[in-house]
Amino acid sequence: VRDRLVTPPFVVASVAHFLHALAYYLFLSLPGFLRALGASEVTIGALVGAAAAAAIVGRPPLGRVMDTRGRKVVMLAGGALATAVCASYLLVDRLGPLLVGLRLLHGMAEAMLFASLFAFAADLVPESRRIEGIALFGVSGLIPMALGGLVADWVLRGGDYSRLFVMSAACSGVALVLTAVLRDVPPAEGHLPPRGVMSSVRQADLVPLWIVGLAFATALAGPVTFMKTFVMETGAGSVGGFFAAYGLAAATVRVVGSSLPDRVGPKRVLFPSLVTFMIGLAILAFVRVEGGAAVVLGGLFCGT
């Protein structure tokens, strides 16, 4: 008999993850808001990068807090911060310190939420089905990617970003309430004590993964940061079309093939995945005006 994977806490955590991720992916269209405020491409990249930098810097100490005080306290703090930050974008009417501060806080909230939610999910799923469980939990963050761009395109047809900010704050607020009912999972017997982040950096067999992960994240940052301005300038496709294709393809593969890494080995899945992602980016590189179908096709390959 296989260990049970889907439990009530797993479902609640998945729904909370879905809502927090939807709030986050609604901001795929933020570059359009920044462009309206007069931001250049360089400024847009810097502001998006500021949130990413805050998320990177915040993760190591957050990991220590989660190891010593549990996942829930970080989930609750991150949910409260995300709700407040999303609502605070309503106060932004110019480029300046307020916007920079919100981007930094938004990145910190992202780090708190997604690190704690995935750690909580890893605690919940049985060890014998951990890769499958994490893959399925990830679906609750991929479907919002598919929906976020489409919903943002629909909301912004009237050009009103304030509705987008209110919607994102509402999603995070509901998710915050849901996480309040979750309870931390006690460590299993024989649980190893926490290690510092530098010990992971220095671990020789992890170095290739650091390099591959950094390269993949760098490649993904392009479409995530500039898809909005890309479609504005080329007139090809839409943000919603690309990320809907990306999210739906990724979610489908995870549902259908969630047990594949356990059966054939993660490395045999990793290599063709990276090749497929590269093909998707190459398709985007040759998109021209009226290339809406190519944008969707690129999203399908990248998501797969």
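These legends walk through a few close-up views of a predicted model.

**View 1. The salt bridge between R71 and D123.** Let's start with a pair that brings distant parts of the chain together. The side chains of R71 and D123 form a salt bridge, with 2.6 Å from N to O. R71 sits in the loop between α3 (41–69) and α4 (72–88), while D123 belongs to helix α5 (residues 97–124), and the two are 52 residues apart. R71 counts as buried, at 15% relative accessibility, whereas D123 is partly exposed, at 25%.

**View 2. D67 joins in.** R71 also has a salt bridge with D67, where the closest N and O atoms are 3.5 Å apart. D67 is partly exposed, its relative accessible area being 41%. Through shared partners, the salt bridges connect D67, R71 and D123 into one network. If you are keeping a tally, a search of the whole structure finds four salt bridges, including this one between D67 and R71.

**View 3. The pair R94 and D93.** Here is another salt bridge to look at. The side chains of R94 and D93 meet with 3.3 Å between N and O. Are these two residues buried or exposed? Both R94 and D93 are exposed.

**View 4. The largest nonpolar core.** Now we turn to nonpolar side chains. This core holds 22 residues, and F33, L34, Y89, L164 and F165 have the most contacts inside it. Which elements give two or more residues to the core? They are α2 (30–36), α3, α4, α5, α6 (130–155) and α7 (161–179). The largest share comes from α7, which supplies four residues.

**View 5. Around F165.** This view centres on F165, one of the residues with the most contacts inside the largest nonpolar core. Leaving aside residues up to four places away in sequence, F165 touches F27, L30, F33, C86, Y89 and L90. Two of these names may look familiar: F33 and Y89 are also among the residues with the most contacts inside the core.

**View 6. Another core.** Apart from the largest nonpolar core lies another one, made of 17 residues. Among its members are M145, A236, F242 and Y246, so you can use these names to find your way around the view.

How values were computed. Residues numbered from 1 in each chain as written. Predicted model: local features only at pLDDT ≥ 70, side-chain atom pairs only at ≥ 80, totals over all residues. Heavy atoms only, no water. Buried < 20%, exposed > 50% of the residue type's maximum accessible area, 1.4 Å probe, protein only. Core = buried A, V, L, I, M, F, W, Y, C linked by side-chain atoms within 4.5 Å. Contact = heavy atoms within 4.5 Å.
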